[in-house]
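This report describes the overall build of a protein, the segments annotated in its database record, and a few residues with notable surroundings or backbone geometry. It is meant to be read beside the structure shown here.

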Amino acid sequence: MGLIIKGNPVANAISETLIKEVDNFKIQGIIPKLVIIRVGAKASDLAYERGILKRCNGIGIETYVKEFPENISQREFIRELRRLNEDRNVDGIMVFRPLPKHLDENIIKYVITPEKDIDCFNPINLAKVMAGDSTGFAPCTPRAVMEILKYYNIDVEGKFSVVIGRSMIVGKPMSMLLLNENSTVTTCHSKTLHLDKICSQADILVVGIGKAEFIDSKYIKEGAVVIDVGINVDKYGRMCGDVDIKSCQWKNVIVTPVPGGVGTVTSSVLAQHVVEACKHKNKL
Ligand code: NAP
């Protein structure tokens, strides 16, 4: 039988540490503040937003949502973002992406100030991930994966890790974070030949492709650790991951579930980044 490792204990452990830190800040009259920017009201954004608000409120982080209409102009959007950059009371800014097509992310990503960019939108933060410089903010999802591995004492050093997916928000930074921890990493994508052969050699397999239960037992080595980042809806309308967890249980794998895995930890990592930004601003 395989072992399912859940996200909740990881998220709670992170939150407990943050609650203590934030309580200490409050004694000094400091309250960390996050602003979420959302354009429109996509169901998936709203679901993630509810999770963030609940998590941050529980920790003692003040959180505000700025909702803009779908037709907000680029000029207006940038003006609002600059205002938040300059607002001394704001520690972290999170922008829901992808933005509507008329808002040019390639311009906007340079506007958000790196010190408040807690979900790695600005390329300066991404460059810090590549450089192994821990003073920046990595994207929350791959960081959440690293927190899960750490919490469950899964050592990646020297191990062969395969990441499927090469997006800027999941796959590429994921590969870099594993490499920074001395794993030997291969990144795969939709054009990779012999994907099953490569994956089935992995000690650690991280999957973020957005294809419901695509990865089955032929992609997975006996005893591997499988981290499922995917969030999909199956043919019955239920939430599921990229990994067909049922097909690989006999392989003795350690696997994260969906729901209840990586996604659960992401909002705690976001809160962690807000607290870090607050500490940095206040030189704590
Ligand atoms: P994305 O931008 O669509 O990227 C998907 C990646 O998967 C691409 O690199 C693509 O390759 C690769 N891919 C697609 N089909 C493939 C296949 N059949 N074989 C091998 N590679 C394949 O998606 P994303 O934003 O990275 O998100 C990936 C998944 O993670 C989605 O399910 C998303 O909902 C989920 N997600 C979860 C969280 C969380 O907190 N748990 C956060 C963000 C995203 P190409 O580059 O060649 O197209």
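Contact, as the word is used below, means heavy atoms within 4.5 Å. The model is predicted.

## Overall build

The protein holds nine helices and 11 strands, and its C-alpha trace spans about 55 × 45 × 40 Å along the principal axes. A compact globule of 284 residues would have a radius of gyration near 19 Å, and the value for this protein, 19 Å, agrees with that expectation. Among contacts with a separation of 6 or more, 70% are between residues 24 or more positions apart.

Of the 284 residues, 49% are buried. The accessible surface comes to about 13800 Å², and carbon and sulfur atoms contribute 53% of that area. The protein carries 37 positive and 33 negative charges, and the mean positions of these two sets are 2 Å apart.

## Annotated domains

An unreviewed UniProt entry places the feature "domain: Tetrahydrofolate dehydrogenase/cyclohydrolase catalytic" at residues 5-119. In the model this span is 50% helix and 16% strand, and its end C-alpha atoms lie 25 Å apart.

For residues 139-281, the unreviewed UniProt entry gives "domain: Tetrahydrofolate dehydrogenase/cyclohydrolase NAD(P)-binding". Here the end C-alpha atoms are 20 Å apart, and the span is 33% helix and 17% strand.

## The annotated binding site and Arg166

Under "binding site", the unreviewed UniProt entry lists Gly165, Arg166, Ser167 and Ile231. Arg166, one of these residues, is located in the loop between strand E5 (160-164) and helix H7 (171-180). Its relative accessibility is 42%, so Arg166 counts as partly exposed, a class that lies between the cut-offs of 20% and 50%.

When residues up to four places away in sequence are not counted, Arg166 touches Gly171, Lys172, Thr187, Cys188, His189 and Lys191.

## Ile209 and Thr141

Ile209 sits in the loop between strand E7 (204-207) and strand E8 (225-228), and with a relative accessibility of 30% it counts as partly exposed. Apart from neighbours within four places in sequence, Ile209 is in contact with Ile164, Gly165, Phe214 and Asp242; of these, Gly165 is also among the residues that UniProt lists for "binding site" in the unreviewed entry. The C-alpha atoms of Ile209 and His189 are separated by 8.1 Å, although the two residues are 20 residues apart along the chain. His189 is also one of the residues that Arg166 touches.

Is Thr141 buried or exposed? Thr141 belongs to helix H6 (residues 140-151), and its relative accessible area of 18% makes it buried, because that class requires a value under 20%. Outside its neighbours within four places in sequence, Thr141 is in contact with Val170, Val229, Val262 and Thr266.

## Cis peptide bonds

Arg97 and Pro98 are joined by a cis peptide bond, with omega about 0°. Pro98 lies in the loop between strand E4 (92-95) and helix H4 (105-111).

A cis peptide bond also joins Val258 and Pro259, and there too omega is about 0°. Pro259 is placed in the loop between strand E11 (254-255) and helix H9 (262-281).

## Positive phi angles outside glycine

His194, a residue other than glycine, has a positive phi near 55°. This histidine is found in the loop between strand E6 (184-188) and helix H8 (195-199), and with a relative accessible area of 55% His194 is exposed, since exposed residues are those over 50%.

Asn252 likewise has a positive phi, of about 65°, although it is not a glycine. The loop that holds Asn252 runs between strand E10 (239-240) and E11, and at 44% relative accessibility Asn252 counts as partly exposed.

Key. Residues numbered from 1 in each chain as written. Predicted model: local features only at pLDDT ≥ 70, side-chain atom pairs only at ≥ 80, totals over all residues. Heavy atoms only, no water. Helix = DSSP H or I, 4+ residues; strand = E, 2+ residues; numbered from the N terminus. Rg over C-alpha atoms; globule rule 2.2 N^0.38 Å. Buried < 20%, exposed > 50% of the residue type's maximum accessible area, 1.4 Å probe, protein only. Areas by Shrake-Rupley, 256 points an atom, 1.4 Å probe, with all protein chains shown as cover. Lys, Arg positive; Asp, Glu negative; His and termini not counted. Charge placed at Lys NZ, Arg CZ, Asp CG, Glu CD. UniProt positions renumbered as here; feature names shortened; annotations may be inferred.
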